[in-house]
Structures are given as structure tokens and as C-alpha cells.
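Grab a pencil and work through these exercises at your own pace. Each one sets a task and then walks you through the solution.

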Amino acid sequence: MKTNPMTEQSLPAKRPLSDWLRWNVAKLVVAPTFALIIFFVYGFIAWTGYVSFTKSKMLPTYSFEGVYQYVRLWKMSTWHVAMENLLVFGGLFILIAIVLGCLLAVALDQRVRAEGLLRTVYLYPMAISFIITGTAWKWILNPGLGLEKMFHSWGWESFSFDWLINSDMAIYTLVIAAVWQSSGFVMALFLAALRGVDSEIIKAAYLDGASLSRIYLVIILPTLRPVFLSSFFILAHMAVKSFDLVVALTGGGPGNSSIMPANFMYEMTFRRNQIGLGAASAMMMLATVMAIVIPYLYSELRERKHG
Amino acid sequence: MADIASLPGGNSPWRSAGRFGLYFLLLSFGVYYILPLIVVLSTSFKDLDEIRNGTLLSLPAEINLESWRYAWSEACIGVTCTGLKPYFWNSVMMTIPAVLISTVLGALTGYALTKFKFPGANMVFAMILFGCFIPFQVVLLPMAQSLGFLGLANTVPGLVLVHIVYGLPFTVLFFRNYYVSIPDDLIKAATIDGAGFFTIFWRILLPLSPPIIVVTIIWQFTQIWNDFLFGASFTTGGGQPVTVALNNLVNTTTGVKRYNVDMAAALITAAPTLAVYVLAGRYFVRGLTAGSVKG
């Protein structure tokens, strides 16, 4: 990191008063933001962490009970369902969104007409709330009047699509809606990177007789490795935080079949007066996110040092 | 991307077939993304008979705005039947101050952290940045308690506070990364001329900032307007923002399910952020890529 010339100036003991004031102005300006973050982020995490080690129910209590809530949490079948759902949903959502986003970006990068319009259409779902996405897809996928009826009216009488009310399949409706919402964003990330690929290399390879698909597979996609990585981490992060979409589309049901950790936490904390358990599940979510984010930041920092 | 079409062999029949396939692919996915919007829009214009007798794709016989009116001013959210109107205004009253305050604080903090670097400034930035990554579940409980303690539970000012605090890491990130690329020489020259902290900010940095201000405002606006988690956790009844009210409206079933009203309500809720996207899409995309935390 390049040091600011003024930083060195500040080290010697003797300096004019105006300088001294200036440094403190900077600190004073940063102070409120920093104080808010210390209190509302770090302080609150510490608080939640502490409560997760107590037997708090409706109101927080502060006698330390060790890992009682964590043991309880991991014995609950609902929590296991939520974690398994996170794995299934996260895995499919990340995979499909990346494949689709990458494919669309490559397709859009072929000097197509109306590129701007297509890009706008691919990306607009990202501007709306997951609650709206959930509401819209709930209507489209509803077994009575939605897709099913449309196919029936087209003469495919045996067509049946009951995923929303089928406890084995409800989780996949979340994947459909989440991919719809987020794949355009992945496309935008890939497209930005593709625009940065050196076109001379591609031309040279083409003139050497390499086919277009080979050029993409062998030359271009490997250079996009950082985009694959950042898309993966961003989508994984989104998956762990999924809450609104579940509420709006499936309500976690049928039963608890499509519940996710964030919904579990909300349910325990605000509906069932199990604050300690809610705190423990929140800490597990934090741990999951950190397990994803720390390698990401590490790889980003390392790349910048080498790059 | 290389202009391969202009290279030798660029016009074979295989290429035409390839182009056809390419456009087919692009258009099919265009349909996948746009169709839900069309279905929702057309459903909102139908009456219930049309919905029962038609299919998703059948178009409404006429543009019937009855369900829009009903969703706006009459539909029941829980036990109160006021439509979305008061909740929409809650969201407006919550979003505007939260966006403005978090943007101003973010700009000043980003400026101080890059142009008047004090020892430890990078550490302070890293600690603020951490706030971008946390799952908010981990702060919900203490926040609910604190809002109650401050007397701000179930109020719009309470939500404003929440959104300022948890928007700050992003606004600081945006401005800090933008200001880092502005040459220090500019500031040095101004310092020699005797300009102080705020004069430099006002005269030099701010005139260079409109792009990042627009990106930040759009990002914050979209995030805060679309929030559901904080609204659902800290408000009930009349204090809810519009996303929470929409969810309650859709899931309040008293008597006949009015799908047309649900869809109109969804579109009313989506309208502000969609309008921003259409008007300033370029900045929206820049915010998305910057907000996806590229350090």
C-alpha cells in the first residue's frame, strides 16, 4: 500500500497547530461512523454470541450455560432440514446461475443486435425485492390457475406441476425464482470481464485455425477464473442470507420442507420465544458466511498482490 | 471481443446457422426473464372471471384498473383495510432520510480515510468493511431490544436508524474506493494554498463525485426500499414498510383470493425501484458490481 505523503509528515513531534487540527478533523469525521459500526456490528454480534450461551427464552437472561443451545439446535430435525435445504438450494442456485450467466454473457459478447435492450431485460429482476419475485412466481407456479392450467388449455391434459405444494419439490421452486432474479447479475459480471479480454489473442488463435468454441473453452474461460470465484462467493453469500424469497414463495412449507436457516432463526426468535436458540442459529449462520467470505477475501488480496 | 465475423471464413453457412442459434438462445432467455413481468402485469388488469376462465398468457379484454385502485386504497393487510397506500408512504419516509444520511456519512468517512490518512486508517476501513458481510440475523435480537429501549420500536425513525447503520459499510466502501483513485497531489496543492478539510472536500472532491454519489444513492435506495428482514422484525401493523405489507396482503386470505389485486400490489411495490432501474440502469449496474464487494 502506498503511504500518503502526509502520514510521514505527522510522525515528527513538532508540527504547526493547523496540521494538528487537520488530523483531528479527519479522525473526528470518521469517529461517528466508526462508533456506530463498533456498537451496532461488533457489539451486537458479541451480544448475540453471549445470548447463544444462555438459556434465554422470551427475555434474555445472562447466566452462562455453555453450549446448551448449540447441542439443542443440532438435535432439532427442523434445523437439519434447514441446513440440508441450504445445501441443496445453494448448490443448485450457484451452479445454475453461474452456468447461465456465463453462457448469456458469452452469447451477448458476439456483437449481437439490440444488446443494450437484451441486457436490460436480463438484469431488471435484480432491481426488485425478493418479496415481489416470490409473489410473482407463486402466482405463476400455483397448481390451480398457473402454468399447469396453461398447458392443459394447450391440450397437454396430463401435465401436472405441483412443486409448490409438494414437500419433496418445493425447495426447487426457490431455485427457479432465485436463478431468475440473480442470473442476470452474474451475466453482467462476466460480460464486464469479457470486454476486458485482449482481442488480439483471440484473432491470432482464430487465424491459427482454432474454432470459436475451442477459443472460448481453452483461452478465454480460464482467464475469467476471478469472475467465477467472485460470482461463487457472492451467490453463496446470498444463498445463506435467503429469507424473503422463502417467506413470499413457499412460506417454508409445505410443513417445514422448504425452510432455510434464516427462516428458522426468525421463527425461533420472534414467534416461538426461543431467543437463546435463535441466537445460536444466528451464530451458526455467521460462521457459515465467514467460512465462505474469509477464503474469498484472502484470495482477492493475494491476487492483488501478485497482479 | 474480437470481431471474428470480419475474419476469413466468417461468412460460411455454418456461421449463419450459428448466428441463428445464438439469437434463438438470446431471445428464449429474454422471454424467460420478461414473461413473469408480462404475466403479472396482464393479471393485474383482469377481473376474477377472466382469471378463472383464461390462462396465464391470455391477455385481458380491457385495461381494467380496478384491482390497482383496490390494492392501493382498500385491500386488507392483516385486519386493517387501508390498501398499500399508508405503507408505501412509510417506505418513502423511511428510505429518503436513510439514503441521504448514509450517503453523506459514507462520503465524509471515505474522504477522511483516503485523503487525510491517519495512522490506523486502513484498519478502521477494514473493520467497517466487515459490516458488509455479516448475515443480519446476527444483529436482529440486540437491535430489537435497543429499538425498544430507545422508544423507536415499530416506528419509521427506528427503521431509518437501522438502515443508516447497516448501509454505512457499503457507502463507505463505495466512496473510499472512488476517492482512492483521485490523485493526492490535488489535495496537497490545496493544503499548501491553505485550504482546510471541509474546504477541500467541498471545492475539490465534491465536484468530482457525482458519478459515485449517483451509484451510492441508487444502491442504497434499492437495498432499503426492497428490505424485508428489518421491516418484518421490527415493525407490526401500521408501522410496516411496503414490502412487509405486500407480503401480508398476499397472505391474508379472507374469502375469495384476488390474484389480480395481489399482482397490482406487487407492481406498486416494485414501481419505484423499477423506475430507477429504467432511468439510471448504467449506474445501477455499476453499484451492483461495486457493492458485490470487490475490495
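**Exercise 1: Confidence**

Among the elements of chain B, which has the lowest mean pLDDT and which the highest?

*Solution.* Start with the reminder that this is a predicted model. Next, compare the elements of chain B: helix 2 of chain B has the lowest mean pLDDT, 79, while helix 4 (residues 85–115) of chain B has the highest, 95. Then step back to the whole chain, where the average pLDDT is 87 and 92% of the residues score at least 70. Finally, add the scores for the model, which are ipTM 0.87 and pTM 0.88. A general caution to keep in mind: predicted coordinates should not be read in detail where pLDDT is low.

**Exercise 2: The build of chain A**

Describe the secondary structure and the overall dimensions of chain A.

*Solution.* First, count the elements: chain A has 14 helices and zero strands. Reading along the sequence therefore gives the pattern α-α-α-α-α-α-α-α-α-α-α-α-α-α.

Second, look at the dimensions. The C-alpha atoms of chain A fill a box of roughly 85 × 65 × 30 Å along the principal axes. The radius of gyration of chain A is 25 Å, whereas a compact globule of 307 residues would have one near 19 Å.

Third, check burial and contacts. In chain A, 43% of the 307 residues count as buried. Of the chain A contacts with a separation of 6 or more, 69% are between residues 24 or more positions apart.

**Exercise 3: Buried or exposed?**

Sort A:P261, A:R111 and A:N273 by their surroundings, using the number of C-beta neighbours.

*Solution.* Recall the cut-offs: a residue is buried with 20 or more other C-beta atoms within 10 Å, exposed with 12 or fewer, and partly exposed in between.

- A:P261 counts as buried because it has 23 C-beta neighbours inside 10 Å. This residue is found in helix 13 (residues 261–271) of chain A. Leaving out residues up to four places away in sequence, A:P261 touches A:A82, A:M83, A:L86, A:S281, A:M284 and A:M285.
- A:R111 counts as exposed because it has 12 C-beta neighbours inside 10 Å. Its place is the loop between helix 4 (77–108) and helix 5 (115–123) of chain A.
- A:N273 has 13 other C-beta atoms within 10 Å, so it is partly exposed. This residue lies in the loop between helix 13 and helix 14 (275–306) of chain A.

Now for the backbone of the two loop residues. Phi is near 50 degrees for A:R111, a positive value in a residue other than glycine. For A:N273, phi is near 55 degrees, again a positive value in a residue other than glycine.

**Exercise 4: Domains**

What are the domains of each chain, and how far apart are their centres?

*Solution.* Begin with chain A: the domain assignment gives domain 1 (5–51) and domain 2 (76–306). The C-alpha centres of these chain A domains lie 38 Å apart.

Move on to chain B, which is divided into domain 1 (4–64) and domain 2 (85–291). Here 34 Å separate the C-alpha centres of the two domains. Their contact takes eight residues from domain 1 of chain B and eight residues from domain 2 of chain B. On the domain 1 side, helix 1 (13–45) and helix 2 (48–53) of chain B each supply at least two residues. Helix 1 of chain B gives the largest share of that side, four residues. By class, the domain 1 side has four nonpolar, two polar and two charged residues.

**Exercise 5: Where the chains meet**

How many residues does each chain bring to the contact between chain A and chain B?

*Solution.* Count by chain: 81 residues come from chain B and 92 residues from chain A. On the chain B side, helix 13 (residues 259–291) of chain B gives the most, with 14 residues. Sorting the chain B side by class gives 56 nonpolar, 19 polar and six charged residues.

**Exercise 6: The largest nonpolar core**

Which residues touch the most other members of the largest nonpolar core?

*Solution.* The largest nonpolar core has 177 residues, and A:F190, B:L84 and B:A265 touch the most other members. Helix 8 (residues 170–194) of chain A provides the largest share of this core, 17 residues. To finish, zoom in on B:L84: its contacts beyond four places away in sequence include B:A71, B:W72, B:V242, B:L249, B:A265 and B:I268.

Note on methods
Residues are numbered from 1 along each chain as its sequence is written. Chains are lettered from A and ligands numbered from 1 in the order in which they are written. This is a predicted model: local features need pLDDT of at least 70, side-chain atom pairs count only at pLDDT 80 or more; totals for chains, interfaces and linings use all residues. The radius of gyration is taken over C-alpha atoms; the globule rule is 2.2 Å times the number of residues to the power 0.38. Two residues are in contact if their C-beta atoms, placed from the backbone, lie within 7 Å. Domain bounds come from an automatic or database domain assignment. Ala, Val, Leu, Ile, Met, Phe, Trp, Tyr, Cys and Pro count as nonpolar, Asp, Glu, Lys and Arg as charged, and the others, Gly among them, as polar. pLDDT is the predictor's confidence in each residue, from 0 to 100. A nonpolar core is a set of buried Ala, Val, Leu, Ile, Met, Phe, Trp, Tyr and Cys residues joined through C-beta atoms within 7 Å.
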